[in-house]
Amino acid sequence: MTNKNLLLLLVTISVLISACGSLNPAKQVDMLKSYNYDVESVTGLTIAGRAADGLLQGNGTSLNMNALPGLAMGILRKDLPLAAVVNMKVSNPTTNVTGINAFKYLIEIKGKPFFEGTVDRVIRLNQGESAVVPLTFNANLFGVVDENRGIEGLLSDLLTREGQGAVVLKIKPSISLGGSNIFYPGYITIDNDLLKSISKR
């Protein structure tokens with residue numbers, strides 16, 4: 001290799017290193033909020049193993065009280081697990097590519113933390129690309145029940161149109177740096193009415 005070619009190679013490497021260094025970790029983390037996050041669907045929604053939509057009547061406007069005896073044992077034991085899979089679509093509308101290394105996700109019910117989970121999945125999206133990430137949850141509703149409203153009131157708030165905004169989904173994406181996950185500071189609210197599709201059937 002001639003001195004001229006060697007010099008050209010060194011200059012190229014220097015430029016590449018400089019370009020990589022310009023994307024500091026703080027900027028990469030901040031870029032995560034530029035992605036679009038949407039709930040594509042909520043599937044397999046059950047309460048104590050029963051399909052949640054079976055507890056509704058009147059086109060989703062009220063609880064089917066005749067279906068509640070099927071939950072009697074769980075109510076007596078104060079053990080009513082709410083479970084589902086939230087299919088979240090992640091899209092990159094920007095020209096930047098920042099790899100998402102993992103997600104923390106938080107589901108709140110009536111303003112109270114209900115379930116927190118983590119998805120370890122690397123996602124790198126070019127401009128216009130998208131990916132669907134399943135977020136599963138399963139936790140006891142009695143952990144967020146309001147003594148004044150009771151379990152029937154909570155079920156009504158969760159499943160009917162009267163309870164709009166009762167269930168909220170938030171996420172905290174991360175980038176990988178030095179083998180560790182650097183998470184976005186605070187949670188990003190994705191959906192303020194997660195179960196709206198149930199009451200609108």
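## A guided tour, beginning at helix α4

Select first the buried residues of α4: Ile151, Gly153, Leu154, Leu155, Ser156, Asp157, Leu158 and Leu159. The model on display is a predicted one. Extend the selection to the whole of helix α4, residues 150-159. Eight of its 10 residues are buried, so the helix is largely enclosed by the rest of the structure.

Next, display the entire protein chain. Five helices and 11 strands can be found in it. Of its 201 residues, 41% are buried. The chain exposes about 10900 Å², and carbon and sulfur atoms supply 51% of that area. Consider also how the chain meets itself: among contacts between residues at least 6 apart in sequence, 71% join residues at least 24 apart.

Now move to strand β6, which spans residues 102-109, and select Glu108 within it. Is Glu108 buried or exposed? Glu108 is buried, because its relative accessible area is 15% and the cut-off for a buried residue is under 20%.

With Glu108 still selected, show the residues around it. Apart from neighbours within four places in sequence, Glu108 is in contact with Pro113 and Phe114, and also with Ala166, Val167, Val168 and Lys170. Of these contacts, the one with Lys170 merits a closer view: the side chains of Glu108 and Lys170 make a polar contact at 3.4 Å.

As a final step, select Leu194 together with Glu108. These residues lie 86 places apart along the chain, and their C-alpha atoms are separated by 9.8 Å.

Technical notes. Residues numbered from 1 in each chain as written. Predicted model: local features only at pLDDT ≥ 70, side-chain atom pairs only at ≥ 80, totals over all residues. Heavy atoms only, no water. Helix = DSSP H or I, 4+ residues; strand = E, 2+ residues; numbered from the N terminus. Buried < 20%, exposed > 50% of the residue type's maximum accessible area, 1.4 Å probe, protein only. Contact = heavy atoms within 4.5 Å. Areas by Shrake-Rupley, 256 points an atom, 1.4 Å probe, with all protein chains shown as cover. Polar contact = N/O pair within 3.5 Å; in protein donor to acceptor, adjacent residues only side chain to side chain.
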